[in-house]
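Visitor: Can you walk me through this one?
Guide: Yes, have a look first.

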Amino acid sequence: MGLYKITAKQTGSWGGVKIEKGMSVEVVYNNPPLSYTEGKELARQAFLSKYGKDYKNLLSQTYFDVQKIN
């Protein structure tokens, strides 16, 4: 099991959705390493739960950094 922190790299607004640099969520993934496909959905759900915004179209390595915490 692994704990990952997903953090926004930059501030901006895309498609009417605003994001601030430093916004982050933590997700737990049972089968490390965290793949892009599986991580994208976990991150989407975590950002939606924490910030009430759907960042589905922004979740990429361009806008977010993924760091393994544990």
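Guide: We will take the strands, then the largest pocket.

Guide: This is a predicted model, where local features need pLDDT of at least 70 and side-chain atom pairs count only at pLDDT 80 or more, while totals for chains, interfaces and linings use all residues. Residues are numbered from 1 along each chain as its sequence is written, and side-chain values use heavy atoms, with hydrogens and water left out.

Visitor: Is strand 1 largely enclosed or not, and why?
Guide: Strand 1 (residues 2-8) has 5 buried residues out of 7, so the rest of the structure largely encloses it. Buried means under 20% relative accessible area with a 1.4 Å probe, protein chains only. Strands here are DSSP runs (E, at least two residues), and helices are runs of H or I of at least four, both numbered from the N terminus.

Visitor: Which strand does strand 1 pair with over 6 bridges?
Guide: That is strand 4 (residues 24-29), in the antiparallel sense. Two strands pair if DSSP finds at least two bridges between them. Strand 1 also pairs with strand 5 (residues 64-68), antiparallel over 5 bridges.

Visitor: What does Y4 stand opposite in strand 4?
Guide: V27. In strand 5, Y4 has K68 as its bridge partner.

Visitor: New topic. How many residues line the largest pocket?
Guide: There are 14, and Y36, G39, K40, Q61 and V66 lie nearest its centre. Helix 1 (36-51) gives the largest share of that lining, 4 residues. Strand 5 supplies at least two residues, as helix 1 does.

Definitions and conventions
Buried < 20%, exposed > 50% of the residue type's maximum accessible area, 1.4 Å probe, protein only. 1 Å grid on protein atoms, 1.4 Å probe; cavity = no way out; pocket = protein on both sides within 12 Å on 5 of 7 lines; lining within 4 Å.
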